[in-house]
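Open the structure in your viewer and keep a selection box handy. We will go from stop to stop, with something to select at each one.

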Amino acid sequence: AAKPPFSLRASLELHPDWVLILVDKKNAFNEIHRAACIRALAATPGFKGIARYAYLHLAPKSPIVIGQGEIADFASEEGGQQGDGVFPLAYSVGSYASCKALDADAAAEGGMARFFFDDGYIHAPAEVAFDILAKYENAILVDGEVPQRRKCEVYSPTWGAGLGCAPEVASRKVATFRDAASQEEVPVDTDDEE
């Protein structure tokens, strides 16, 4: 795993009893819906000017042309292509709203969330960190991204000291997190009621 950015390392020093969750998404660049990226570009000041170009470049269900103009019997429908110069920007803008909402949820509890492309970190009190993660996982499904808990990690400098909450709460939260990692799909809340 990559070294956490300075802001998170500083936060770990200030709140060693909290948990740091490294967030992973399954094939994020390949899974995100192109339409979500195009909508986000068109709605974001400063990027509206390239939204039309991005649509032409990233049009959903783009045909694959082989050789001398032969159309393949399959299409490139979602995500970006390896080496695409436009897609890292489109992905970043397309996933920004959900990352910003995650950070706001963590900040409401005194914590934070930071991302570099599809690699993310949540640092928050253990009592709420896993619930914040679950809410984020539900949010990203809408745009085609898939949470991948089996590749996520949980860390706390005071791991043996109850993760900053009552030991039974810490034990339950970490067990739930680890159980979900062993399943093929992450169990997410499908109840629309808040």
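## Stop 1: The salt bridges

There are five salt bridges in this structure, which is a predicted model. Three of them make good stops.

Start by selecting Arg-39 and Asp-143. Their side chains form a salt bridge, with 3.9 Å between the closest N and O atoms. Follow the backbone from each end and you will see that the pair joins distant parts of the chain: Arg-39 sits in helix α3, while Asp-143 belongs to the loop between α6 and β7 (146-147), 104 residues apart. Turn on a surface, too: Arg-39 is exposed at 52% relative accessible area, and Asp-143 is partly exposed at 21%.

Next, select Asp-103 and Arg-114, whose side chains meet in a salt bridge at 2.8 Å, N to O. Asp-103 is in helix α5 and Arg-114 in strand β5 (residues 112-116), so this pair ties together parts that are eleven residues apart in sequence. Both partners are partly exposed: Asp-103 has a relative accessible area of 23%, and Arg-114 has 30%.

Now move to Asp-105 and Lys-135, another salt bridge, whose closest N and O atoms are 3.3 Å apart. Here distant parts of the chain are linked, with Asp-105 in helix α5 and Lys-135 in helix α6, 30 residues apart. Asp-105 is partly exposed at 23% relative accessible area, whereas Lys-135 is exposed at 52%.

## Stop 2: A buried arginine

Select Arg-34, in helix α3 (residues 34-43). What is the nearest side chain of opposite charge to this residue? It is Glu-78, 5.4 Å away; Arg-34 is buried yet has no salt bridge. A salt bridge needs a side-chain nitrogen of Lys or Arg within 4 Å of a carboxyl oxygen of Asp or Glu, so a 5.4 Å separation does not qualify.

Now show the backbone atoms as well. The Arg-34 side chain reaches the backbone oxygen of Gly-79 at 2.7 Å. If you expand the selection to contacts, leaving aside neighbours within four places in sequence, you will pick up residues including Leu-58, Ala-59, Pro-60, Ser-62, Ser-76 and Gln-81.

## Stop 3: The rest of helix α3

Stay with this helix and colour its buried residues: Arg-34, Ala-36, Cys-37, Ile-38, Ala-40 and Leu-41. What do these residues pack against? Show α4 (48-58), β3 (62-66), β4 (70-76) and α5, and you have their packing partners.

## Stop 4: Two nonpolar cores

In soluble globular proteins, nonpolar side chains tend to be buried together. For the largest nonpolar core here, which has 17 residues, select the members with the most contacts inside it: Val-19, Ile-21, Val-23, Leu-102, Ile-122, Ile-132 and Tyr-136. The elements giving two or more residues to this core are β1 (19-23), α5, β6 (119-124) and α6 (126-141). Which element supplies the largest share of this core? That is α6, with eight residues.

Then give a new colour to Ala-40, Leu-41, Ala-51 and Ala-90, which are among the 14 residues of a second, separate core.

## Stop 5: Pro-125 and Trp-18

Select Pro-125, in the loop between β6 and α6. Is this residue buried or exposed? Pro-125 counts as buried, with 13% relative accessibility. Add Trp-18 and draw a distance between the C-alpha atoms: they are separated by 4.5 Å, although the two residues are 107 residues apart along the chain. Not counting residues up to four places away in sequence, Pro-125 touches Trp-18 and Glu-109.

## Stop 6: Zoom out and colour by confidence

Show the whole chain as a cartoon and you can trace seven helices and eight strands. Of its 194 residues, 40% are buried. Among the contacts with a separation of 6 or more, 72% are between residues 24 or more positions apart.

Finally, colour by pLDDT. The chain averages 79, and 79% of the residues score at least 70. Compare helix α5 (residues 87-107), which has the highest mean among the elements at 94, with helix α7 (residues 167-181), which has the lowest at 55. End the tour at residues 181-194: pLDDT stays under 50 there, and the model has ten contacts beyond four places in sequence for this stretch.

Definitions and conventions
Residues numbered from 1 in each chain as written. Predicted model: local features only at pLDDT ≥ 70, side-chain atom pairs only at ≥ 80, totals over all residues. Heavy atoms only, no water. Helix = DSSP H or I, 4+ residues; strand = E, 2+ residues; numbered from the N terminus. Buried < 20%, exposed > 50% of the residue type's maximum accessible area, 1.4 Å probe, protein only. Lys, Arg positive; Asp, Glu negative; His and termini not counted. Polar contact = N/O pair within 3.5 Å; in protein donor to acceptor, adjacent residues only side chain to side chain. Contact = heavy atoms within 4.5 Å. pLDDT = per-residue confidence, 0-100. Core = buried A, V, L, I, M, F, W, Y, C linked by side-chain atoms within 4.5 Å.
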